[in-house]
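Student: Please take a close look at one part of this molecule and explain, in a connected account, how its backbone, its contacts and the space around it are arranged. I would like the backbone treated before the rest.

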Amino acid sequence: MLPPFEFLPSGQFLFNAGTAFLPARSEYEFDVEVSNESGTKVFKNIGEIHFRDPELFKPYAIAASWFNDNGVATDNGALSANPEMIIEKISDQGTNAIVKIVDQNGVPFNPKTGEIIKRGDRPTFESYAKFNPVTYTDTSMVCNFEITPFPIKRISGYGDFLMYYRIPSKFASLTTFPANHPPGTTFSINPRFGFQIKQLGTYLITIKLNGVIHK
């Protein structure tokens with residue numbers, strides 16, 4: 001059992017995990033007692049500590065494109081509507097990041113059954129998981145990240161904690177068929193996103209693919 005912060009005899013402040021649960025915008029005054037061979041003196045209200053609302057998380061790039069599945073590697077384009085990344089802190093408990101990729105109606109794609117797959121050798125959620133493996137449910141990818149910030153280190157050449165995935169065409173369709181393509185052409189969906197969690201807790205990161213419908 002520890003106080004949420006301490007003022008050490010050395011003059012330093014010591015903060016711990018409990019500090020994060022102090023009331024936001026709370027303020028504290030403190031005294032300093034100084035002793036030497038001449039005696040002791042107390043300096044009342046010599047300083048203040050002001051706690052402010054912390055930055056819980058930071059979203060970075062979010063994008064998604066379609067790719068022609070019919071053997072034309074250079075045939076691709078942006079979705080007809082911009083994707084969204086919604087980050088919510090759903091609990092003060094734990095150290096969990098839950099990534100869910102959904103269609104425009106909120107229907108999740110299932111990573112356990114291959115509806116979400118890696119994109120070549122590019123970074124994925126797993127690339128940033130240093131302490132525990134990423135586990136899969138029917139609707140999401142989950143990682144116990146243990147310490148913040150998470151991710152803690154960028155991967156060279158891939159910007160701000162970017163993660164790349166592909167949704168094969170048999171699991172998704174576009175609401176707007178790309179122009180100048182013959183009927184029957186199929187398109188995979190490639191979401192790309194990055195984020196960083198700054199405080200302990202459980203977070204839900206939802207990648208909403210507008211212009212895409214789950215089959």
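Tutor: Asparagine 45 is placed in strand 4, and this is a predicted model. Although asparagine 45 is not a glycine, its phi is positive, at about 50°. Its relative accessible area is 46%, so the residue is classed as partly exposed, the range for that class lying between 20% and 50%.

A positive phi also occurs at phenylalanine 161, again a residue that is not a glycine, with a value of about 55°. Phenylalanine 161 belongs to the loop between strand 11 and strand 12, whereas asparagine 45 sits within strand 4. Is phenylalanine 161 buried or exposed? At 1% relative accessibility it counts as buried, because the cut-off for that class is under 20%.

The loop that holds phenylalanine 161 is the part that deserves the close look. It runs between strand 11 (141–144) and strand 12 (162–166). Proline 149 is found in this loop, and the peptide bond that leads into proline 149 from threonine 148 is cis, with omega near 0°. Proline 151 lies in the loop between strand 11 and strand 12 as well. The bond from phenylalanine 150 to proline 151 is likewise cis, its omega being near -10°.

Glycine 157 also has its place in the loop between strand 11 and strand 12. With a relative accessibility of 74%, glycine 157 is exposed, since that class begins over 50%; phenylalanine 161, by contrast, is buried at 1%. How far is glycine 157 from phenylalanine 145? Their C-alpha atoms are 23 Å apart, for two residues separated by twelve positions along the chain.

Phenylalanine 145 leads on to the space inside the model. The structure contains one cavity of 30 Å³ or more, and the largest cavity holds about 60 Å³. Its lining includes Phe145, Ile147, Pro149, Phe150, Pro151 and Ile152. Tyr128, Lys130 and Phe131 contribute to the lining of the cavity too. Both prolines that follow a cis bond, proline 149 and proline 151, are thus found among the lining residues. The lining comprises eight nonpolar residues, no polar ones and one charged residue. Lys130 is the charged member.

Contacts between charged side chains come next. Arginine 154 and aspartate 160 form a salt bridge, with a nitrogen-to-oxygen distance of 2.7 Å. Arginine 154 is partly exposed, at 44% relative accessible area, and aspartate 160 falls into that class with 30%.

How many salt bridges are there in the model? The count comes to six. One of them joins aspartate 53 to arginine 25, at 3.6 Å from N to O. Aspartate 53 is in the loop between strand 4 (39–50) and strand 5 (57–68), and arginine 25 is in the loop between strand 2 (13–15) and strand 3 (27–36), so this bridge ties together parts that are 28 residues apart in sequence. Aspartate 53 is partly exposed at 45% relative accessibility, whereas arginine 25, at 53%, is exposed. Strand 4, which precedes the loop of aspartate 53, is the strand that carries asparagine 45.

Another salt bridge links aspartate 92 and lysine 89, whose closest N and O atoms are 3.1 Å apart. Aspartate 92 is partly exposed at 42%, and lysine 89 is partly exposed at 28%.

The surface completes the account. The largest pocket holds about 410 Å³. Its lining consists of 19 residues, and those nearest the centre of the pocket are Thr19, Ala20, Phe21, Pro54 and Gln199. Ten of the lining residues are nonpolar, four are polar and five are charged; the lining of the largest cavity, in comparison, has no polar residue.

Elsewhere, Phe7, Phe13 and Phe15 make a nonpolar surface patch of about 270 Å². Phenylalanine 7 is situated in strand 1 (residues 5–7). Its relative accessible area of 36% makes phenylalanine 7 partly exposed, which is also over the 30% that a residue needs in order to belong to a patch.

How values were computed. Residues are numbered from 1 along each chain as its sequence is written. This is a predicted model: local features need pLDDT of at least 70, side-chain atom pairs count only at pLDDT 80 or more; totals for chains, interfaces and linings use all residues. Side-chain values use heavy atoms; hydrogens and water are left out. Patches are made of residues with over 30% relative accessible area and no salt bridge: like charges are joined within 9 Å, nonpolar side chains (Val, Leu, Ile, Met, Phe, Trp, Tyr) within 5 Å. Accessible areas come from the Shrake-Rupley method with a 1.4 Å probe; for residues, only the protein chains shown count as cover. A salt bridge is a side-chain nitrogen of Lys or Arg within 4 Å of a carboxyl oxygen of Asp or Glu. Helices (H or I, at least four residues) and strands (E, at least two) are DSSP runs, numbered from the N terminus. Buried means under 20% relative accessible area, exposed over 50%, partly exposed in between (1.4 Å probe, protein chains only). On a 1 Å grid over the protein atoms alone, a cavity is a set of points where a 1.4 Å probe fits but cannot get out, and a pocket is an open set with protein on both sides within 12 Å along at least five of seven lines; lining residues have an atom within 4 Å of a point. Grid points are joined across faces, edges and corners, and a volume is the space filled by probe spheres set on the points.
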